[in-house]
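Me: I've got a model open on my screen and would like to talk it through. Can you take my questions one by one?

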Amino acid sequence: MTLMDSSSNKDFQRQAESMASTIRSESAWDDEMAFSVDQLFFVTCYSDFDKLAHGPRGIEAKHSVHVYRFHPHDGSMLLLNICGPAGEVQNPAFSICHPRLNVVYTCTEDIVNNGKIFAYALGDNGELKPHGEPVDAGGTSTCYLTIDRAGINMLAVNYWDSTLAVIPLDHETGKLLGPIKSLYDPKAGGKVVAAGRVAGGVNHSNNDESTIKMRQADPHSHALVLDPYVGTIAYVPCLGKDLIREFFYNREDGKIEMELNALPSGLRSGMPDGPRYFEFHPNFNIAYCINELSATVTVFEVDRPLLYEMAQASADGHDMSKYKGKSTLRLVQSIKTIPNAFPTSMNTCGRICVHRSGRFVLVSNRGHQSIAIFKVFQKGAKRGELKTVGYFHTRGETPRHFNFDASGQYLLVANQDTNSVAIFNFNLSSGEIKYTGNEYRVPSPNFVCCCPLSGNVDDSGTLDNPVGNEVRVNDDNASATDSDSGSTLAVTPTKEDLMKELARARQEIAALKDELSVLKA
C-alpha cells in the first residue's frame with residue numbers, strides 16, 4: 001500500500017467514523033428538533049355550514065383560525081392563538097405558507113359569494129397580523145392556492161364555478177397586490193347548473209348515484225399544481241368531468257393562456273372518479289392523483305423532456321397552440337384507497353400527500369375514517385408505483401385533511417365531523433402510524449398547515465434574518481440566486497439558522513439510514 005493509498009484510506013475511515021457518530025446521535029434527534037426548529041400549526045375551521053356545498057356534522061366554529069406551537073420531542077401542541085371571528089373570516093378551508101417568509105395565506109369557501117384570500121404575518125408566539133387587505137379570489141368556493149416559481153403570482157382555484165385566478169404577489173414582502181391579473185373560466189362564462197345544498201341541491205359529502213349525477217353536472221376545478229421542473233404547465237384536477245386538465249401557464253405574463261390537453265383521471269371503468277388533488281414525487285418523474293369518488297390513486301409517468309421543450313418554446317416566443325393534444329402524463333397504475341369489501345359509495349377521499357422522503361404516499365378516507373398508506377417502489381420497472389402498507393383509523397370521523405410536521409415523523413389529522421385534531425407517530429422505515437395519545441378539541445377542523453418559522457417578520461412583512469431567500473424549486477440546474485435578479489444572495493446565517501440546517505441534515509441522515517436498512521433486508 002502506498003502512502004497516498006494509506007492517507008486516502010484514513011480519510012475515508014475518519015469520514016465513516018464521523019457518519020457513524022452522527023447516526024449514533026440520532027437518539028437525540030427529537031430533543032434537538034424541539035429546540036432547533038420552531039414550528040407552528042395554522043389550523044382552520046368551518047364557521048358557516050349554510051355557505052358550503054357539503055354538509056359538515058360537527059360544531060360551527062365561532063372563531064375560524066387556531067394557531068398551535070408543536071413540540072417534536074413528544075408530538076404535543078400548545079394553543080397560542082384563536083382568532084378569525086366567524087363574521088369576518090368565514091369558512092377558511094385551504095392554507096399555505098410562503099416558501100421563504102413568515103407569511104401564511106388562507107382562502108374562504110362560499111358557494112354564494114366570491115371567495116376571499118387573506119394574508120397574515122405570522123409571529124414567533126402565534127401572533128397573526130393582517131398582511132395587507134383581503135383579495136377577491138374571482139370565483140366561488142375557493143379551494144386551492146399555489147405560489148408560482150418566481151414568487152410573484154398566486155394562483156387560486158374556485159371549486160363551485162371552476163374558475164382559475166392569477167393574483168400578483170409582492171416578491172419582497174409576500175403581500176397580495178390585487179386585483180386579479182387574469183381569470184380563466186373553463187365554462188367560458190356559462191352558469192353553474194346545479195343548485196347549492198341549502199337551495200335544494202345535493203350534499204356533496206355523499207357519494208350515492210343521485211349525488212354524483214348532480215356533482216358532475218358542472219366542471220369543478222379542485223386544485224392547481226405547477227410542474228416542479230419549469231413551472232410552465234398547470235395541472236388542474238376537474239372533479240366534475242373526471243379529467244386532469246393541462247394548461248399552459250405563461251410565467252412572464254402571469255396568465256393561464258390556454259388548455260393544451262385533458263386526459264382521464266382514472267381507468268374509465270364506467271364509474272365516476274372525481275379527481276381532487278394532484279401531487280408530484282420529489283425524486284422521480286412520477287405524479288399521483290387522488291380520485292375522491294372512486295377511492296383510487298392513479299399513478300402517472302411524467303414526460304419531463306416534453307415539459308422542458310414546452311418551456312423553451314415559450315421562452316423563444318413560439319405559438320404554444322402547437323402543443324395542443326400533447327399530454328405530459330401517461331397513466332401507469334390505479335390502486336384502491338379502501339379495503340375491497342368496503343362500499344365505495346360510503347366513502348369519499350380527502351387529501352393525498354407524498355412523504356418528503358419519497359418512500360410513501362398517504363391518502364385520507366372520509367367514511368372509512370382512515371389514512372391509507374402506500375409504499376413507493378424505489379427501483380426497477382415499477383419505480384414510482386404503489387403497494388399498500390395498510391389502513392389506519394384516524395380516531396375520529398371525516399379526516400378531511402392531514403399534514404406532517406417539519407421532521408416528517410409526526411402526522412396531524414383533522415377529523416372534521418368529530419371536532420378534533422389527532423397526532424400520530426410516523427414510522428420512517430415501515431410507513432405505519434401509531435397514535436401518540438395527543439388529541440385536541442377543535443370545532444370542525446378542515447386544514448392543518450405546518451409553518452416552520454424562518455426568522456422575525458417586521459411590520460412590513462420582511463424578515464429580519466431570512467433563511468434561504470429564494471423560492472425553492474426542483475430544478476437540476478437551479479442555483480441559490482434570487483429568482484428575479486439572478487444575483488447570488490448574501491445572507492449571513494445566525495446560530496439559530498445553523499442549528500435548523502443541522503437538524504434538517506440529521507433528518508436526511510435518518511431517512512438514508514432507513515433506506516439502507518430496507519436495502520439490506
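**Walking through the model**

Reply: Let's start with S141, which lies in the loop between β8 (135-140) and β9 (142-147). Helices here are DSSP runs of H or I with at least four residues, strands are runs of E with at least two, and both are numbered from the N terminus. This is a predicted model, where local features need pLDDT of at least 70, side-chain atom pairs count only at pLDDT 80 or more, and totals for chains, interfaces and linings use all residues. Residues are numbered from 1 along each chain as its sequence is written, and side-chain values use heavy atoms, with hydrogens and water left out.

Me: Does S141 count as buried or exposed?

Reply: Buried means under 20% relative accessible area, exposed over 50%, and partly exposed in between, using a 1.4 Å probe and protein chains only. Contact means heavy atoms within 4.5 Å, and S141 touches residues including T108, D110, V157 and W160, not counting those up to four places away in sequence. S141 has 2% relative accessibility, so the verdict is buried.

Me: How much of the whole protein counts as buried?

Reply: The protein holds 5 helices and 29 strands. Its accessible surface (Shrake-Rupley method, 1.4 Å probe; for residues, only the protein chains shown count as cover) comes to about 21800 Å², with 50% of that belonging to carbon and sulfur atoms. Of the 521 residues, the share that counts as buried is 56%.

Me: Which residues touch the most other members of the largest nonpolar core?

Reply: A nonpolar core is a set of buried Ala, Val, Leu, Ile, Met, Phe, Trp, Tyr and Cys residues joined through side-chain atoms within 4.5 Å. The largest one has 96 residues, and the members touching the most others are Y105, F278 and Y288. A second, separate core of 16 residues includes C45, F70, Y410 and V448. For the largest core, then, the names to note are Y105, F278 and Y288.

Me: How many aromatic pairs are there, and what is the angle between the planes of F94 and Y144?

Reply: Rings of Phe, Tyr and Trp (its six-membered ring) pair if their centres lie within 6.5 Å; planes under 30 degrees apart count as stacked, over 60 as edge-to-face and the rest as tilted. The structure holds 17 such pairs. F94 and Y144 form a tilted one, at 4.5 Å centre to centre, with an angle between the planes of 35°.

Me: How many residues apart are F94 and Y144?

Reply: Both F94 and Y144 are buried. F94 is in strand β4 (residues 92-97) and Y144 in strand β9, so the pair links distant parts of the chain, with a separation in residues of 50.Me: At what angle do the ring planes of F278 and F300 lie?

Reply: Both F278 and F300 are buried. Ring pairs link these two with Y229, Y235 and F280 into a cluster. The ring centres of F278 and F300 are 6.5 Å apart, and the pair counts as tilted because the planes lie at 45°.

Me: Which strand is joined to β17 by a hairpin?

Reply: β17 is mostly covered, with 5 of its 6 residues buried. Two strands pair if DSSP finds at least two bridges between them, and 5 bridges join β17 to an antiparallel strand at residues 286-291. E279 stands opposite Y288 there. The hairpin runs through 5 residues and leads to β18.

Me: Which ring does the charged end of R351 sit over?

Reply: A charge sits over a ring if NZ of Lys or CZ of Arg is within 6 Å of the ring centre and within 35 degrees of the ring normal. The charged end of R351 is 5.4 Å from the centre of its ring, and that ring belongs to F402.

Me: What is the relative accessible area of R395?

Reply: R395 is in the loop between β24 (386-393) and β25 (399-404). R395 is not a glycine, yet has a positive phi of about 60°. R395 counts as partly exposed because its relative accessible area is 45%.

Me: And what is the relative accessible area of Q369?

Reply: Q369 is found in the loop between β22 (360-366) and β23 (370-376). Q369 also has a positive phi, about 55°, without being a glycine. Q369 is buried, as its relative accessible area is 12%.

Me: What is the omega of the peptide bond from G178 to P179?

Reply: P179 is found in the loop between β11 (164-168) and β12 (182-184). The bond from G178 to P179 is cis, with omega near -10°.

Me: How far apart in space are L164 and S221?

Reply: L164 is in strand β11 and counts as buried at 0% relative accessibility. Leaving aside neighbours within four places in sequence, L164 is in contact with residues including S221, L224 and F247. L164 and S221 are 57 residues apart in sequence, and their C-alpha to C-alpha distance is 8.1 Å.
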